[in-house]
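Reader: I am new to this structure. Please take me through one strand and its surroundings, step by step.

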Amino acid sequence: MQRFTNSAVMKNMSRHLLRDGPRVLTVDQPCDVFINHRSIDTKKTFSGLLFQYLSHHDIKCFLNSKSMKPGDRLFDNINRAIHGCKVGVAVLSPRYCHSTYCLHELALMLETKKRVIPIFYDVIPSQLRVMSKGSSMACSSRDLERYKWALEETQNTVGLLFDPSKQDWSELLRNASNAVIKNLMEVEEENWSPSISNVISEKNPLINN
């Protein structure tokens, strides 16, 4: 089982910095982190940088513009990646709620009980609203309720606030990466089998002393 520790991160960082670029995850591989974002707002800025940074630290990320190729079925591959991920990062930006794709991904992450780290990018939580049924957003009443529920849950989750005109990009990247690594470590601990822990204790009597 892969373990996420500070020492492991540093070793992996040194190894990957010698390579030409970050490892690209394909849709057939499970990912550690699913990055949910509005491409028009953050693909070429924060979301792209976070993908590169985490990938260089040997953390497998899914970002649709990096992890998919022409011909891939959009919803099938995205849904598969969300089901297989350990942690989700939701980059909520000014035009995020205009996209049913973004809202569907957010709802599915929460419905499948994934840990979701909200990053409020150039927007405050109270400004985010799911567009009404009478708007240009074409979706069923059921989906509309899913989106509203998911957005409300995310607004009530502790996240990171970032104003790109005033705050430091490197600080956001560092804080977001630390939050991702911390949550991955906690997920790994939660999934660590008690029976395995008992075996380790039995073979290492000093642990209990």
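Author: What follows is a close look at strand 4 and the parts around it.

This is a predicted model, in which local features need pLDDT of at least 70, side-chain atom pairs count only at pLDDT 80 or more, and totals for chains, interfaces and linings use all residues. Residues are numbered from 1 along each chain as its sequence is written, and side-chain values use heavy atoms, with hydrogens and water left out. Helices (H or I, at least four residues) and strands (E, at least two) are DSSP runs, numbered from the N terminus.

Start with the strand itself. Strand 4 covers residues 115-121, and six of its seven residues are buried, so the rest of the structure largely encloses it. Buried means under 20% relative accessible area, exposed over 50%, and partly exposed in between (1.4 Å probe, protein chains only).

Now its partners. Two strands pair if DSSP finds at least two bridges between them. Strand 3 (residues 87-92) pairs with strand 4 in the parallel sense, over six bridges. Here Val-89 stands opposite Ile-117 of strand 4. Strand 5 (residues 160-162) also runs parallel to strand 4, joined by three bridges. There Phe-120 faces Leu-161 of strand 5.

Next, the connection. Strand 3, helix 6 (residues 100-111) and strand 4 form a right-handed β-α-β unit. Right-handed means that, with the strands pointing away from the viewer, the path from the first strand over the helix to the second runs clockwise.

Then the loops. Lys-113 sits in the loop between helix 6 and strand 4. Its phi is positive, about 65°, although Lys-113 is not a glycine. Lys-113 is exposed, at 73% relative accessible area. Asp-122 lies in the loop between strand 4 and helix 7 (141-155). Phi of Asp-122 is also positive, near 60°, and this residue is not a glycine. Asp-122 is partly exposed, with a relative accessible area of 40%.

Last, a look just before strand 3. A salt bridge is a side-chain nitrogen of Lys or Arg within 4 Å of a carboxyl oxygen of Asp or Glu. Lys-86 forms one with Asp-32, with the closest N and O atoms 3.3 Å apart. Lys-86 is in the loop between helix 5 (74-84) and strand 3, and Asp-32 in the loop between helix 1 (6-17) and strand 1 (33-37), so the pair ties together parts 54 residues apart in sequence. Glu-188 also bridges to Lys-86, at 2.9 Å between the closest N and O atoms. Glu-188 belongs to helix 8, so this pair ties together parts 102 residues apart in sequence.
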